[in-house]
Amino acid sequence: MNAPDRYDLFYLPEGAKKMTITPDPKVENGATFDILREDHTMGNLIRSKLLEESQVTFAGYKVPHPLEHNVVLKVQTTLDTKPEMMVAKALNDLITEVSYLKQKFVEELGRARALVIPREQKPMEEQSQIGIPPTTTTTITTTRENNTHTNPPPAGSNTGGVAVDMDF
Amino acid sequence: MSHNRSNNAERLEQLRTRVKIDRDGVNSISSSDFPFHSSNVYPEFDSIEIFRKKLKIKVIKKSQFEMEFDLIGVDAAIANALRRVMIAEVPTMAIEKVYIYDNTSIIQDEVLAHRLGLIPIKVDPDLFYFKHENERPTDMNTIVFKINHECRYNPRAREDESDPKQLYIGHNLLSSSLIWDPKGEQAERFTDNPIKPVHDDILIAQMRPGQRMELEAHCEKGIGKEHAKWSPVATATYRLMPEIIVKEEITGDLADKFAACFSKGVIDVVEKEINDEMVKTAKVVNPRLDTVSREVLRHKEFDNKVELTRIRDHFIYTVESTGILESERIFIDAIHIMQTKCSRLLLALENKLKELEDERNMMSLDDV
């Protein structure tokens, strides 16, 4: 009845600003960032990124009320920069880092795929078992036959490849 | 003195890179990877360069809808943000509105609608738009399913039959009864892969002869934050890589006892030559399998012989998809979403800064 609307979680109310910045009245180079419609995901991320900067003397965040989907970020910096600049730098760094992470992930996925023989080729692979060392074939065929995740071979033992149960 | 100093450095390094697991709790939990924590030296480094150097990803297990991979060298905040985004912010399509024309089954309308909502629908959410509150449904934001189902007696059943399977026809309403009703251009857009539930055998309701169900269900795009039915993952979790440090050789029968303290496959008992004698010795072979039960710390005989830690920046992710999106796709989508979130905040910040700048300019004009 008086439950908040579900879309309140992520729709910015009309006319509201995503971010408001209030300079701290007492502390020099301190500021409070009120960010609407964000949660711990971004709050903690920005805070931890800010803490890595040597020019940031304080960074903390809170979600003031569990039913209001807003984050308050408090930042204080040294005098040679501004809190706004440091937050902007943190966000820019995050974007670069995350895109690098994606690039690495896609690369690794490609590597993992290349190591595994697609399932459709399984009969052919079984036919030409002569050329393949016996140990690897047995592990591969058993996993294929079972085709379950109930009993995977010890993951740490396969240092070179990902020849566990994969079916791309 | 020098020995002492190196010892200190070692301990500091361990505090920085490991989470320590003690008998009565977990210690050294928070990351101390920030400037001036352990030295007063002004750090001169490029944090992005360090990130690039440290980051490692390794796929351990992969099937179409489940994967396990290692994410090494990232801060817990990034790892956790990715996990949270995977669970709560990667969109999928799910039944959101149900128009019930007839329902004489014993399942109440609202319970039925809830059950329908939880059925995963196999369709690429990227091909649809979000439907906003006041928008009308179109073929770009809504998928329509219909159920028209009736339970009847089986005329061919034996008279003394008591098995409902033989006695009735259609007494189990399954998700395969959801018939997709293509609207607009949907029939052309999805000729290659018609839209249907991921599983055909999800039981929606049990019925008896004479009961009918006729309804229309509308799927909309949404995210798990709003309702868990839109979450693309059955579960997305991470744990830190366990590490077992054996400080002193554990030999003889103690080795067997030691191995029994851990999960199967973690410790191997091997024959090793010590003082010209072959002795059974415990050897750590695969710490990944350990559940970190801390059983080993309960036994007096292993006091000061073993240390349990977890590697602070080695995350073992497990992503299990509901079957709508492939597991790697969920992770990649999560990364995209995190990027958009960051750029949206950056844009808001820049707008705000511009506003402040304009205000200041106005003020200085007033002064003149």
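The paragraphs below follow the contact between chain A and chain B in a predicted model, going from the interface as a whole to the helices and side chains that take part in it.

The size of an interface is often given as the accessible area lost when the parts come together. For chain A and chain B that buried area is about 5800 Å², with 68% of it lying on carbon and sulfur atoms. On the side of chain A, the three residues A:Arg6, A:Leu101 and A:Phe105 supply 12% of the area that this chain buries against chain B, which is more than any other three residues contribute. The contact draws on 64 residues from chain A and 63 residues from chain B.

A good place to enter the interface is helix H2 of chain A, which spans residues 83-114. Its axis comes within 10 Å of the axis of helix H2 of chain B (residues 47-54), and the two cross at roughly 20 degrees. Because angles under 35 degrees count as roughly parallel, H2(A) and H2(B) are described as roughly parallel to each other, and their crossing is right-handed. From H2(A), the residues A:Asp93, A:Thr96, A:Glu97, A:Tyr100 and A:Leu101 meet B:Ser47, B:Ile48, B:Phe51 and B:Arg52 of H2(B). Sorted by class, this contact holds 4 nonpolar, 2 polar and 3 charged residues. A:Leu101, which belongs to this helix pair, is also one of the three residues named above for their share of the area buried by chain A.

Within chain A, H2(A) also packs against helix H1 (residues 40-51), at an angle of about 105 degrees and with the axes 9 Å apart. H1(A) is therefore roughly perpendicular to H2(A). Here A:Leu45, A:Ile46, A:Lys49 and A:Leu50 of H1(A) make contact with A:Met86, A:Val87, A:Ala90, A:Leu91, A:Asp93, A:Leu94 and A:Glu97 of H2(A). By class, this contact has 8 nonpolar and 3 charged residues, and no polar ones. A:Asp93 and A:Glu97 appear in this contact with H1(A) and also in the contact of H2(A) with H2(B).

H1(A) in turn reaches across to chain B, where it packs with helix H3 (residues 76-88) at an angle of about 165 degrees, the axes again being 9 Å apart. That angle makes H1(A) roughly antiparallel to H3(B), and the crossing of these two helices is left-handed. The residues that meet are A:His40, A:Thr41, A:Asn44, A:Leu45 and A:Ser48 from H1(A), and B:Ala77, B:Ile78, B:Ala81, B:Arg84 and B:Val85 from H3(B). They divide into 5 nonpolar, 4 polar and 1 charged.

Charged side chains also pair across the interface. Which residue of chain B meets A:Arg113 in a salt bridge? The partner is B:Glu328, at 2.8 Å from N to O, and the pair links helix H2 of chain A with helix H8 (residues 327-367) of chain B. A:Lys17 and B:Glu355 form another salt bridge, at 3.6 Å from N to O. In total, 5 salt bridges are found across the interface of chain A and chain B, while a search of the whole structure finds 40 over all chains.

Terms used
Residues are numbered from 1 along each chain as its sequence is written. Chains are lettered from A and ligands numbered from 1 in the order in which they are written. This is a predicted model: local features need pLDDT of at least 70, side-chain atom pairs count only at pLDDT 80 or more; totals for chains, interfaces and linings use all residues. Side-chain values use heavy atoms; hydrogens and water are left out. Axes are lines fitted to C-alpha atoms, for helices over the stretch in contact, and angles run from 0 to 180 degrees between N-to-C directions. Helices (H or I, at least four residues) and strands (E, at least two) are DSSP runs, numbered from the N terminus. Angles under 35 degrees count as roughly parallel, over 145 as roughly antiparallel, 65 to 115 as roughly perpendicular and the rest as oblique. A crossing is left-handed if the near helix is turned anticlockwise from the far one by less than a right angle, and right-handed if clockwise. Contact means heavy atoms within 4.5 Å. Ala, Val, Leu, Ile, Met, Phe, Trp, Tyr, Cys and Pro count as nonpolar, Asp, Glu, Lys and Arg as charged, and the others, Gly among them, as polar. Buried area is the accessible area (1.4 Å probe) that two parts lose on being put together, summed over both. A salt bridge is a side-chain nitrogen of Lys or Arg within 4 Å of a carboxyl oxygen of Asp or Glu.
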